[in-house]
Amino acid sequence: MSTDHTPPGAYSAPGPGGARTGRAMRSRNVFAVWLGLPIITLGIYHLVWWYKINKELSQFDSRIEVNPGRAVLAVFPGSFIWIPPFVTAYNTGKRVAEAQRAAGLAATCSPAISCVLVFLLSAHSLYLQSEINKINDHYRNPPEGTQIPLVA
């Protein structure tokens, strides 16, 4: 019988010996995220993906604070106001960089690039997913939700 009382999908921090742990994020095909699935689903997949990556980032490291639902609202209907999608792209870029540092990697994700790529055929999704995949590659692509050690 396990003594771990952490609910499935949640993170625990710190673990035995004071080590921080988190939950592995999902690796996704960057071109499917950027172009394929959003076209097939008439844009709905992008909203689902945006919710999922923000939720996964918060489960990866408990220090990353984000409300995934609010992040989605910044994309839609926030795009009608025009500014919120750029703010959420910037903030999500910051979160990905924080996750990279927590994994012990150099923070190669630039929030500014993420924000600028919103203008270029919504290429921010391709960019952000590729940066998340770097974290997963660092951990040798564990199954989503697997408990993993954080370095920083």
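A salt bridge is a side-chain nitrogen of Lys or Arg within 4 Å of a carboxyl oxygen of Asp or Glu. With that definition in hand, please begin the tour; note that the model on the screen is predicted.

**First stop: R63 and D61**

Select R63 and D61 and display their side chains. These two side chains meet in a salt bridge, with 2.9 Å from N to O. The partners may then be examined for their exposure to the surroundings. D61 counts as buried because its relative accessibility is 3%, and buried means under 20%. R63 has a relative accessible area of 39% and is therefore partly exposed.

**Second stop: R28 and E56**

How many salt bridges does the structure hold? There are three, and another of them is found by selecting R28 and E56. Their side chains meet at 2.8 Å, N to O. This pair links distant parts of the chain, as the partners are 28 residues apart. R28 lies in the loop between strand 1 (21–23) and helix 1 (30–40), while E56 belongs to helix 2, which covers residues 44–60. Are these two residues buried or exposed? R28 has a relative accessibility of 9%, so R28 counts as buried. E56 is likewise buried, because its relative accessible area is 5%.

**Third stop: helix 6**

Next, select residues 124–138, which make up helix 6. Within this helix, highlight E131 and K134, which stand three residues apart, about one turn of the helix. Their side chains form a salt bridge of 3.0 Å, N to O. Here, too, the accessibility of each partner can be considered. E131 has a relative accessible area of 4% and is therefore buried. K134, at 37% relative accessibility, counts as partly exposed.

**Fourth stop: the aromatic rings**

The tour now turns from charged side chains to aromatic ones. A search of the whole structure finds six aromatic pairs. One of them is formed by W49 and W50, and this pair is tilted: the ring centres are 5.6 Å apart, and the angle between the planes is 55°. The two values are given together because a pair of aromatic rings is described by the distance of the centres and the angle of the planes. Where do W49 and W50 stand in terms of exposure, buried or exposed? Both W49 and W50 are buried.

**Last stop: an aromatic cluster**

Finally, select W82, F86 and F119 together. These three residues form one aromatic cluster. Rotate the view until each of the three rings can be seen.

Note on methods: Residues are numbered from 1 along each chain as its sequence is written. This is a predicted model: local features need pLDDT of at least 70, side-chain atom pairs count only at pLDDT 80 or more; totals for chains, interfaces and linings use all residues. Side-chain values use heavy atoms; hydrogens and water are left out. Rings of Phe, Tyr and Trp (its six-membered ring) pair if their centres lie within 6.5 Å; planes under 30 degrees apart count as stacked, over 60 as edge-to-face and the rest as tilted. Buried means under 20% relative accessible area, exposed over 50%, partly exposed in between (1.4 Å probe, protein chains only). Helices (H or I, at least four residues) and strands (E, at least two) are DSSP runs, numbered from the N terminus.
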